[in-house]
Amino acid sequence: MRKIGTLAILMLMCLSALAGCKEKKDPMEKIKDLEFTVTAQENIPEELSAVLEEKKAEGFKMTYQDGGYLYICMGYGQQETGGYSISVNALYETDNAVYFDTTLQGPKPGENEGKKTSPSCPYVVIKTEMVEKPVVFD
């Protein structure tokens, strides 16, 4: 009878240990993609546009809320020439945040060759539905 009691206790200990081994969820795991539009200069709210003008030479990562929308802005600072573009690789929501990933793409080889080009300050502003979570820039 004593062996059965000891065996029962060991089984309960094993079951409780197994119950504690839950798979941890990755906080950056995508819940859903967010729809967005790249906002043209003339459609950026005036207050945001003024801030972007001040910050564009240094580069920036910022958000702005207006009219039930979330604007996510990413600037890469002053570049030596023009011809740069920014691609949005991902915009999605996780349990804890909104994840925003962009890439700066330089001018094509030879594109500025022989041309007098001035410095540029490439940035992108996207508009999406309002989400009350912090934005993670990548």
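Which side chain meets Lys-30 in a salt bridge? Keep that one in mind while you work through the exercises below; the model is a predicted one.

**Exercise 1. Find the salt-bridge partner of Lys-30, and say how accessible each of the two residues is.**

Step 1. Start at the side chain of Lys-30 and look for a carboxyl oxygen within 4 Å of its nitrogen. Asp-33 supplies one, with an N to O distance of 3.2 Å.

Step 2. Now check the accessibility. Lys-30 comes out at 43%, so it counts as partly exposed. Asp-33 has 52%, and since exposed means over 50%, this residue counts as exposed.

Step 3. Have a look at what else Lys-30 is doing. Its charged end sits over the ring of Tyr-92, 5.4 Å from the ring centre.

**Exercise 2. Work out which parts of the chain the salt bridge between Lys-32 and Glu-129 ties together.**

Step 1. Get the geometry: the side chains of Lys-32 and Glu-129 meet with N to O at 3.7 Å.

Step 2. Place the two residues. Lys-32 belongs to strand β1 and Glu-129 to strand β7, so this salt bridge ties together parts that lie 97 residues apart in sequence.

Step 3. Add the accessibility. Lys-32 is partly exposed at 37%, and Glu-129 is partly exposed at 39%.

Step 4. Put this into the wider count. The whole structure has four salt bridges. Among them is one between Lys-56 and Glu-53, at 3.0 Å from N to O. Lys-56 is partly exposed at 24%, and Glu-53 is partly exposed at 47%.

**Exercise 3. Trace the open sheet that contains β1, and name its edge strands.**

Step 1. Read the order across the sheet: β1-β5-β6-β8, four strands with mixed pairing.

Step 2. Look for strands that pair on one side only. These edge strands are β1 (32-33) and β8 (135-137).

Step 3. Zoom in on one edge. β1 and β5 run antiparallel and are joined by two bridges. Lys-32 has Glu-93 of β5 as its bridge partner.

Step 4. Move to the loop between β5 (85-93) and β6 (98-105), where you'll find Asn-96. Asn-96 is partly exposed, at 46% relative accessibility. Its C-alpha atom is 6.5 Å from that of Lys-133, although the two residues are 37 residues apart along the chain.

**Exercise 4. Name two strands that pair with β7, and give the sense of each pairing.**

Step 1. Take β2 to begin with. This strand pairs with β7 (residues 123-129) in the antiparallel sense, over three bridges. Within that pairing, Val-38 is matched with Ile-126.

Step 2. Go on to β4 (residues 69-75), which also pairs with β7 in the antiparallel sense, here over seven bridges. Leu-70 has Thr-128 of β7 as its bridge partner.

Step 3. Check the side chains too: Lys-127 lies over the face of Tyr-69, at 4.2 Å from the ring centre.

**Exercise 5. Decide whether Thr-39 is buried or exposed, and list its contacts.**

Step 1. Locate Thr-39: this residue sits in the loop between β2 (36-38) and α2 (46-55).

Step 2. Compare its accessibility with the cut-off. Thr-39 has 11%, and because buried means under 20%, this residue counts as buried.

Step 3. Leave out residues up to four places away in sequence and collect what Thr-39 touches: Ile-44, Tyr-71, Val-125, Ile-126 and Lys-127.

**Exercise 6. Classify the aromatic pair of Phe-60 and Tyr-123.**

Step 1. Note that the structure holds four aromatic pairs. In this one the ring centres are 5.8 Å apart and the planes meet at 55 degrees, so the pair is tilted.

Step 2. Place the rings: Phe-60 is in strand β3 (residues 60-66) and Tyr-123 in strand β7, 63 residues apart.

Step 3. Compare the accessibilities. Phe-60 is buried at 7%, while Tyr-123 is partly exposed at 23%.

**Exercise 7. Sum up the whole chain.**

Step 1. Count the elements: two helices and eight strands. Along the sequence they follow α-β-β-α-β-β-β-β-β-β.

Step 2. Turn to the surface. Of the 138 residues, 31% count as buried. The chain exposes about 9600 Å², with carbon and sulfur atoms supplying 53% of it.

Step 3. Finish with the contacts. Among those with a separation of 6 or more, 70% come from residues 24 or more positions apart.

Notes
Residues numbered from 1 in each chain as written. Predicted model: local features only at pLDDT ≥ 70, side-chain atom pairs only at ≥ 80, totals over all residues. Heavy atoms only, no water. Buried < 20%, exposed > 50% of the residue type's maximum accessible area, 1.4 Å probe, protein only. Contact = heavy atoms within 4.5 Å. Pairing = 2+ DSSP bridges. Areas by Shrake-Rupley, 256 points an atom, 1.4 Å probe, with all protein chains shown as cover. Phe/Tyr/Trp six-rings, centres within 6.5 Å; stacked < 30°, edge-to-face > 60°. Lys NZ or Arg CZ within 6 Å of the ring centre and 35° of its normal.
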